[in-house]
Amino acid sequence: MTWEIVIGLEVHVQLATRSKMFCGCANVYGAPPNTHVCPVCLGLPGALPVPNAEAIRLGTQAAHALGGTIHRTSVFARKNYFYPDLPKGYQISQFDKPLSTGGAVHFESPERGRVAVSITRLHLEEDAGKSLHDRVPGKTAVDLNRAGAPLAEIVSGPDMRSPGEARAYLVALKQILMYAGTSECSMEKGSLRVDVNMSIRQHGETTLGVKTELKNMNSFANVERALDVEFERQVGLIESGKAVEQVSLLFNAVSGTVKVMRSKEESHDYRYFPDPDIPPLVLAPDWVEKQRATLPELPEAKRGRLMAQYALSAYHAHELTLDVAVADYFEAVARAGGDAAKSIGWVLGEVMSGFNEGHGFPVSPARLAALVGVVRDGLVSQQAAKRVYEEMARNDGDPKSIAERLGLVQVGDSNALGKWVEEVLAAHPGELARYRGGETKLIGFFVGQVMKKSG
Amino acid sequence: MSIGREEVVHVAKLAELAVSEAELPRLVDQLSRIVDFVAELNEVPADDSVPPFQAGAETTPLRADVVAPIPLARGPAQMAPAFIDGFFVVPRLGAMEES
Amino acid sequence: MSGEDGKKQRLGAITARETGMRLKAAEPLNAALHWSQDVLNAEGARVDAMTASGALHAVPVAIKDNLVTIEQPTTCGSRILEGYTSPFNATVVERLRQAGALISAKANMDEFAMGSSTEHSAFGRVKHPMDHDRVPGGSSGGSAALVAAGVVPVALGSETGGSVRQPASFCGVVGVKPSYGRVSRWGLVAFGSSLDCVSVFGDTVTSAARVLHVISGHDPLEATSVDQPPMRMPEMKKDLRGITIGLPREYFPADLHPGVKAATDRAIATMRDLGATLREVSLPYSKYAVPTYYIVAPAEAAANLARFDGVRYGPRQIEPANGDVRALYQATRGKGFGPEVRRRILVGTYVLSAGYYDAYYHKAQQLRALIASDFRTVFADGVDYLFTPTTPTPAFKAGEKSEDPVAMYLADIFVCAVSLAGLPAMSQPIGRDKGLPIGGQIIAPHFHESGMLSVAGALESALDGTAEVAR
Ligand SMILES: [Mg+2]
Ligand SMILES: [Zn+2]
């Protein structure tokens, strides 16, 4: 029997606003606990929410970026459940009238080539605080700095067919959201979180099996791993004559196992109803259209344009657009006169590895363009230019003078070199005599003199 | 009786309200009376064309994205029944312990 | 400093002392939950440091204990908030302070404003100032009793389903509920958010109007606040010529209490004498108001009261044998809330729980729309204001309805529909039956508070609201 895996993802991203969703507290990460709190996000008696305009704008742009239909009227509702890090005993979220429905994410599946995964909905909500279990022995400690942070929840259709495909979807989605300026999308900081719904069925079947929900994955790699583990577990259950139960599971990345967190019987009855504190959110069509028009160029479009404009391969365009900052850097190099075909190697090599290690861009696009020029003119070999680049990253100076200082200038014309050497030797008979007498360190002096001529 | 003992126990659990065995019969009685009373509305015809009521402003105003929290005259430490090292503290949670 | 100016500058201190004496004398009513001479004196000094031009300069105001204040505790009449003091002020409290009012006492109330008799306070029932065996009405019974007993000339209460008009009627004072959204809810501890209105008690129509003038107006801290200017002070009229008053027949049932009927008949005759045109009208959906209310309000309350969990503030209860966080919740909430609050939380949770939403909550919101459209139709048809009795009977005896929740709910039969429709309305004294006050209710279209108060003022000057009626 061959089993097909069916995967849908719910992704929560924190919106890149200055203040929280419904109050004026700062939306920041890493502050001392309970220092960014106010009557609203503490759920104090008498406090009331007012939605943040920028959160609505970022959510709308994210929905546009995913090709969703943005609804003229959406409604904030109360999702009722008790949890120590949920101050009001309900989360303000959107339920039956979300900000946006529909849309898709297009990407290369590792198995199926180009695929489109549908987006069911994008809605806005507030984050909960954090419960920490290792701060106070035997107790749970609650930090409400995150409570009330603005979130967009993006729900995909059950359209993915392998753990690797789920991962590729996440990479593509994150890229779109970062291009759109929606969120920092950092799983480490918790500004991007993934819940997975997964079921299995026989290949060819059209109905869905019983799904389980996986939580607590802290990286895209672990999402893929957790899906592998859960796939094996579900197959094992069914093949041994048992049934899959609708449960929520926690993934333990250390042991590589899943553990039941909550069964269906214990599942929540959230008692959603429209939040009477917040009238419907009504967006004017021309405002919604303006958000589409002012959306930054998205990865898909950028790849197409880069290929056309700079004659890049699909592979290069893909690599270059992984991070919008790198793509922007490349274009700046090109604008500064750096030959595109020659710059691409630099950008995808030295520049990108430094950037990925968190060093930013120590060599300005203009300086890299100059280095590319020096290499093109044959002044410095491709090999030597790497050392020049390293030095440029550390210190100021144009590539030519750095190459000279390091003695990396190559002279293509050996006759010229021979002539310069003869001239230098002839001009410094005393030094030549001392060198011949054993003072070998004078070789540096001669090289310097030759280089002066070559410069 | 439109609402029975089991439903009252279930609803009390959802609402996180301790209800003792001793008070349950009387509570079931009173809640049934209330629920029967409000169920009177079921007799009123109102099809889907009647939109639900909306109180107050018709559309929500939005707040500018400015950091300006309402100040607290007394901080969390002074309000909380248990507060250690800057955290609100509660008894251990069962299900989420490993996260 | 001349004598007159000197006295003006010490008005706050004088008021503080006198109000303290009155509060002390009124202690047997159990109408004030929190007050102290120290806080009063500090308020007096604060007011004396201000210019005397404030609209409520040195006027002592009692505040219902569900409006949060930094200087005094806020308990909502509940054990679950025992000892709680808010770290911020309600917008209405700020506006009163800026107008020079002296925040004098926090008034007793039915726990979380759930009740119609102020018997459901965790800190003991409030007594009717004229007959201690009777109830002052509720839930704002403490505020009503303090005004009726002459302790303060004005007080703030709150309405969710008649909680100011009904006790105003029982106690023989003026009670005004504004349009929903006209007065800020920021700092009003939520009960039924789509219904809650900060409302005003006054010893006269004018004094209530002065307070409403000060506290009304848009508040950016509340998303449901309507963008309307503060209410202008009503024009004081001598007659009601050119005004059409509708008398909804559903509010004058055949079995209406004879004293209430006699008092309303006399008030109607007075309005006719003042030149008003009186017309019978119909509000057919009003008969569903009480059951509709008892779905919407508990549903919203169940969510609004979820924040009282013993985690961030308020006293905490925990079963010693069980250290689980659920046990903390259940014990804290189980012990902290009184019986009526528990009943409403359970009903509210029930009507929102899986499978029941459409049958109850959605249906109730539709009924609400129909109830509101009845009023719109009547007002669109040439009726300026409506007049009805405020309550079906005068103040009842303590304990009379406490065993039967539904009987208690029906005490609000004439006030509930207005709350559901979000309209402004008020109660004013129109006579007494066997010494007990009877209130007449005026209902106005949205944002017509000022005109409504004008009509009330004309009626107040033409009619002795304390005169015994002849049945
Ligand atoms: Mg969510
Ligand atoms: Zn806040």
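Which residue of chain C forms a salt bridge with Asp277(A)? The partner is Arg185(C), and the closest N and O atoms of the pair are 3.0 Å apart. The views below are all taken from a predicted model.

**View 1. The salt bridge between chain A and chain C.** Asp277(A) and Arg185(C) are shown as the paired side chains. The count of salt bridges between these two chains is 1. Side chains of opposite charge can pair when their charged atoms come close. Polar contacts across the interface of chain A and chain C come to 11 residue pairs, with both residues at pLDDT 80 or more. On the chain A side, strand 4 (76-80) and strand 16 (273-274) each supply at least two of the residues that touch chain C. That side is made up of 21 nonpolar, 4 polar and 5 charged residues.

**View 2. The buried surface between chain A and chain C.** Here 30 residues of chain A are in contact with 38 residues of chain C. About 2,700 Å² is buried between the two chains, and carbon and sulfur atoms give 64% of this area. Pro45(A), Leu48(A) and Phe82(A) supply 25% of the area that chain A buries against chain C, more than any other three residues.

**View 3. The interface of chain C and chain B.** In this view, 69 residues of chain C are in contact with 54 residues of chain B. The buried area is about 5,200 Å², with 68% of it from carbon and sulfur atoms. On the chain C side, Pro87(C), Leu346(C) and Tyr350(C) lose the most area to chain B, and together they account for 13% of what that side buries.

**View 4. Polar pairs and helices where chain C meets chain B.** The interface of chain C and chain B has 3 salt bridges. In one salt bridge, the side chains of Glu16(B) and Arg326(C) meet with an N to O distance of 2.5 Å. Polar contacts across this interface come to 21 residue pairs, both residues being at pLDDT 80 or more. Elements of chain C that give two or more residues to the side touching chain B include helix 9 (289-304), helix 10 (325-336) and helix 11 (339-352). Helix 12 of chain C gives the largest share of that side, 12 residues. By residue class, the side of chain C that touches chain B has 42 nonpolar, 16 polar and 11 charged residues.

**View 5. The zinc site in chain A.** The zinc ion (ligand 2) has as its protein donors the SG atoms of Cys23(A), Cys25(A), Cys38(A) and Cys41(A), at 2.3 to 2.4 Å. Angles among the 4 donor atoms run from 100 to 118°, and the site is tetrahedral. Along the chain, the donors follow the spacing C-x1-C-x12-C-x2-C.

**View 6. The magnesium site in chain A.** The magnesium ion (ligand 1) is coordinated by NE2 of His12(A) and by OE atoms of Glu125(A) and Glu153(A), at 2.0 to 2.8 Å. The donor residues are spaced H-x112-E-x27-E in sequence. His12(A), in strand 1 (residues 3-14), and Glu153(A), in strand 11 (residues 150-156), link parts of chain A that are 141 residues apart.

**View 7. A salt bridge between two loops of chain A.** Over all chains, the structure holds 47 salt bridges. The one shown joins the side chains of Arg146(A) and Asp127(A), at 3.3 Å from N to O. Arg146(A) lies in the loop between strand 10 (139-143) and strand 11 of chain A, and Asp127(A) in the loop between strand 8 (113-126) and strand 9 (130-132), so the pair ties together parts 19 residues apart in sequence.

Technical notes
Residues are numbered from 1 along each chain as its sequence is written. Chains are lettered from A and ligands numbered from 1 in the order in which they are written. This is a predicted model: local features need pLDDT of at least 70, side-chain atom pairs count only at pLDDT 80 or more; totals for chains, interfaces and linings use all residues. Side-chain values use heavy atoms; hydrogens and water are left out. Contact means heavy atoms within 4.5 Å. Buried area is the accessible area (1.4 Å probe) that two parts lose on being put together, summed over both. A salt bridge is a side-chain nitrogen of Lys or Arg within 4 Å of a carboxyl oxygen of Asp or Glu. A polar contact is a pair of N or O atoms within 3.5 Å; within protein, one must be able to donate a hydrogen and the other to accept it, and residues adjacent in sequence count only if both atoms are side-chain atoms. Helices (H or I, at least four residues) and strands (E, at least two) are DSSP runs, numbered from the N terminus. Ala, Val, Leu, Ile, Met, Phe, Trp, Tyr, Cys and Pro count as nonpolar, Asp, Glu, Lys and Arg as charged, and the others, Gly among them, as polar. Donors are N, O and S atoms within 2.8 Å of the metal (3.2 Å for Na, K and Ca); water is not among the atoms, so sites may look incomplete. Four donors count as tetrahedral if all angles lie between 85 and 135 degrees; four count as square planar and six as octahedral if opposite donors are over 155 degrees apart and all others between 65 and 115; anything else is irregular.
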